Amino acid sequence: MIVGALVIFGPVALDAASLTWRESEGCKIWMVVDGDTVKMTCPAEGAVSGRLLGFDTPEMTSRCPKELGLAVAATFYLRWQLWTAGKVVATPRGKDRYDRVLTLMAVDGELVGTRMVGAGLARRYDGGRRGGWCGADA
């Protein structure tokens, strides 16, 4: 029971706790939802959901085991970037159709999208239709 709670809530608690040891500029990210979505507090908007710009990761509501595995890996990789960051800059750039704040995020001077794509856990994305993660071409 305790181990299960730690597995579920431990990472979320570390997301919020990492605000105490890293420098933040712009919006302050306090929770990772998945590989390209975060919860954050922005000076002008307050507490909001943020969609990170420049890349797309697999969804946790996956269509196949491969997508789910990549989604979990992308989520924890993004968490690791925040947990180990010296400085995070999260700059709001408008809203999407789901009312999420579109956010350009850099970790220690490098765009997080570049890191995610470089790790093989994301694809570059600038809007429009997204490709699947399950097929042979994925």
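Let's start at Glu110, which sits in strand β8, a run covering residues 110-111. Keep in mind as you look around that this is a predicted model. Glu110 has a relative accessible area of 32%, so it counts as partly exposed. Setting aside residues up to four places away in sequence, Glu110 touches Met105 and Arg115. You can also look across to Val89: it lies 21 residues from Glu110 in sequence, and the two C-alpha atoms are 9.6 Å apart in space.

Met105 is a handy stepping stone from here, since it is among the residues with the most contacts inside the largest nonpolar core, alongside Ile29, Met40, Leu78 and Val112. That core has 22 residues. The elements giving two or more residues to it are β2 (28-34), β3 (37-42), β4 (46-52), α2, β6 (87-95), β7 (101-107) and α3 (112-118). As background, nonpolar side chains tend to be buried together in soluble globular proteins.

Ile29 offers a good view of this core's surroundings. Not counting residues up to four places away in sequence, Ile29 touches Met105 and Met40, as well as Leu19, Val38, Leu82, Val88 and Ala90. Its contacts also include the charged residues Asp15, Arg22 and Lys39.

Now move to Thr57, in the loop between β5 (54-56) and α2 (65-83). Is Thr57 buried or exposed? Its relative accessibility is 0%, and because buried means under 20%, Thr57 counts as buried. Leaving aside neighbours within four places in sequence, Thr57 is in contact with Gly35, Asp36, Ala74, Met116, Leu121, Ala122 and Trp133.

Stepping back, you can trace three helices and nine strands in the protein chain. Read along the sequence, they follow the pattern α-β-β-β-β-β-α-β-β-β-α-β. Among contacts between residues at least 6 apart in sequence, 51% join residues at least 24 apart.

What about overall dimensions? The C-alpha atoms fill a box of roughly 40 × 40 × 25 Å along the principal axes. The radius of gyration is 15 Å, which agrees with the value near 14 Å for a compact globule of 138 residues. Of those 138 residues, 38% count as buried.

Finally, consider the surface and the charges. The protein chain exposes about 7,600 Å², with carbon and sulfur atoms supplying 61% of that area. The chain carries 17 positive and 15 negative charges, and the mean positions of these two sets are 2 Å apart.

How values were computed:
Residues numbered from 1 in each chain as written. Predicted model: local features only at pLDDT ≥ 70, side-chain atom pairs only at ≥ 80, totals over all residues. Heavy atoms only, no water. Helix = DSSP H or I, 4+ residues; strand = E, 2+ residues; numbered from the N terminus. Rg over C-alpha atoms; globule rule 2.2 N^0.38 Å. Buried < 20%, exposed > 50% of the residue type's maximum accessible area, 1.4 Å probe, protein only. Contact = heavy atoms within 4.5 Å. Areas by Shrake-Rupley, 256 points an atom, 1.4 Å probe, with all protein chains shown as cover. Charge placed at Lys NZ, Arg CZ, Asp CG, Glu CD. Core = buried A, V, L, I, M, F, W, Y, C linked by side-chain atoms within 4.5 Å.
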